[in-house]
Amino acid sequence: MQIRQVIREIKQGKVAPVYVLYGSEQYMMDELVRLIEERMLDDASRDFNYSVYDLREIPVQVALQDAETFPFMGEKRVVRASHALFLTGVKLPSGAPEHDLEALVQYANHPPEHSVLILEVAQDKLDERKKAVKALKHNGIVLECAPLKEAELADWVVRQAKRYHVHMEVAAAELLIAMSGTQLRQLDKEVEKMAMYVGEGEEITKQTVEMLATRELEHDIFRLIDKVARLEIEDAVQMYYDLQRINVGSSETKGEGEPLKILALLARQFRILLQIKTLKSRGYSPQQMAAMLGIHPYVAKLAVEQARAFSEQALRKILHRLAEEDIRIKTGQIDKVLALELFILGLKDIMHAS
């Protein structure tokens with residue numbers, strides 16, 4: 001079952017007795033639980049009828065006993081139990097509690113009408129061979145909470161804007177993703193902030209995003225490389241100076257513009273571009289390359305566009321030069337700030353020579 005269908009059913013009051021949420025997108029899990037809470041519990045009884053368990057410390061049978069208990073001062077009970085690793089193929093750590101999985105199977109086969117049990121596990125797969133997993137799939141809703149794909153992500157940001165009663169075009173959403181990353185929780189915070197700025201009924205434009213979005217250092221590195229790709233070297237150097245100002249700024253941002261960190265991120269991004277160039281020549285799609293390189297499909301799409309400006313030879317020379325500068329800095333042969341400045345200034349020559 002798709003997550004949007006599950007959300008739609010919960011909003012319609014069709015709440016299942018048992019949910020299993022697995023995957024790496026914790027924000028998605030939190031939002032589903034929030035919806036279930038809002039639908040099943042009233043404010044007066046929430047404190048009495050909402051329980052949270054960490055199954056790394058508490059055996060599952062304790063959570064089941066709670067779920068079987070009749071609600072107090074209300075009609076429904078919600079029990080949320082995280083880290084249900086026993087539903088996966090992952091080996092449980094030493095000292096883990098002994099979970100009665102037969103009790104879980106019995107509960108799944110005959111869940112009480114007055115409770116909703118939510119099991120969560122931050123793993124990409126469940127072990128389909130296990131009896132408990134089979135029982136939960138047969139009698140409840142098992143839902144993967146994975147990072148959204150490229151097209152879904154921009155659409156999700158646009159929907160979040162509507163939730164905050166503002167408008168947002170897909171182009172502005174894509175820019176926000178490029179600037180602030182692909183984590184749903186961070187994107188939600190950014191949209192909420194911008195919605196408060198523009199006001200109800202107004203629009204979050206690309207200009208709004210440029211002005212207000214919290215930038216990731218990785219995005220600034222990407223923009224710096226983009227300047228180099230366009231042979232706008234002076235602008236690239238100016239961006240580097242801007243990052244240096246961040247380094248001497250507030251305690252919250254201290255260290256973000258540290259030259260060695262910038263060097264490492266430059267090396268990472270140029271390495272990705274080289275890998276993208278190699279894989280593209282072999283016919284791989286951006287989605288396939290994203291999976292192979294462990295990056296988001298949207299990031300892979302942008303990298304494909306950026307890689308066109310560099311030859312494979314140039315990328316190899318740039319990576320070699322970065323490795324040399326790293327050694328020179330760490331052995332005290334050159335000042336780290338100057339080393340990065342000279343590296344950026346020398347990129348035009350490398351690109352012309354290749």
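Strand 3 and strand 4 (residues 115-121) pair in the parallel sense over five bridges. The model is predicted, and this briefing describes the surroundings of strand 3, the enclosed cavities and the buried residue Q306. Searching the whole structure gives two cavities of 30 Å³ or more.

**Strand 3 and its partners**

- Within the pairing of strand 3 with strand 4, V79 stands opposite L117.
- Between these two strands the chain passes through helix 5 (residues 101-109), and this β-α-β crossover from strand 3 to strand 4 is right-handed.
- Strand 3 also pairs with strand 2 (residues 50-54), in the parallel sense and over five bridges.
- S51 has V79 of strand 3 as its bridge partner, and V79 also stands opposite L117 in strand 4.
- A right-handed β-α-β unit is made by strand 2, helix 4 (residues 60-68) and strand 3.

**Burial of strand 3**

- Strand 3 spans residues 77-82 and is mostly covered, with six of its six residues buried.
- R77, V79 and A81 point one way from the strand, while V78, R80 and S82 point the other way.
- Residues on both of these sides, including R77 and R80, are buried.

**Largest cavity**

- The largest cavity holds about 60 Å³ of space.
- Its lining consists of L55, R56, H83, L85, L92, P93, A96, P97 and H99.
- By class, this lining has six nonpolar, two polar and one charged residues.

**Second largest cavity**

- About 40 Å³ of space lies in the second largest cavity.
- E218, I221, L265, R268 and Q269 line the second largest cavity.
- Two elements, helix 11 (217-229) and helix 13 (259-281), each give two or more residues to this lining.
- Helix 13 gives the most to the lining of the second largest cavity, with three residues.
- The lining of the second largest cavity divides into two nonpolar, one polar and two charged residues.

**Q306 and its contacts**

- Q306 lies in helix 15 (residues 297-307).
- Q306 counts as buried because its relative accessibility is 3%, and buried means under 20%.
- When neighbours within four places in sequence are left aside, Q306 is in contact with F222, I225, D226, Q269 and L273.
- Q269 is thus named in two settings: Q269 is one of the residues in contact with Q306, and Q269 is one of the residues lining the second largest cavity.

How values were computed
Residues numbered from 1 in each chain as written. Predicted model: local features only at pLDDT ≥ 70, side-chain atom pairs only at ≥ 80, totals over all residues. Heavy atoms only, no water. 1 Å grid on protein atoms, 1.4 Å probe; cavity = no way out; pocket = protein on both sides within 12 Å on 5 of 7 lines; lining within 4 Å. Points joined across faces, edges and corners; volume = space filled by probe spheres on them. Nonpolar A, V, L, I, M, F, W, Y, C, P; charged D, E, K, R; others polar. Helix = DSSP H or I, 4+ residues; strand = E, 2+ residues; numbered from the N terminus. Buried < 20%, exposed > 50% of the residue type's maximum accessible area, 1.4 Å probe, protein only. Contact = heavy atoms within 4.5 Å. Pairing = 2+ DSSP bridges. Right-handed = clockwise from strand over helix to strand, strands pointing away.
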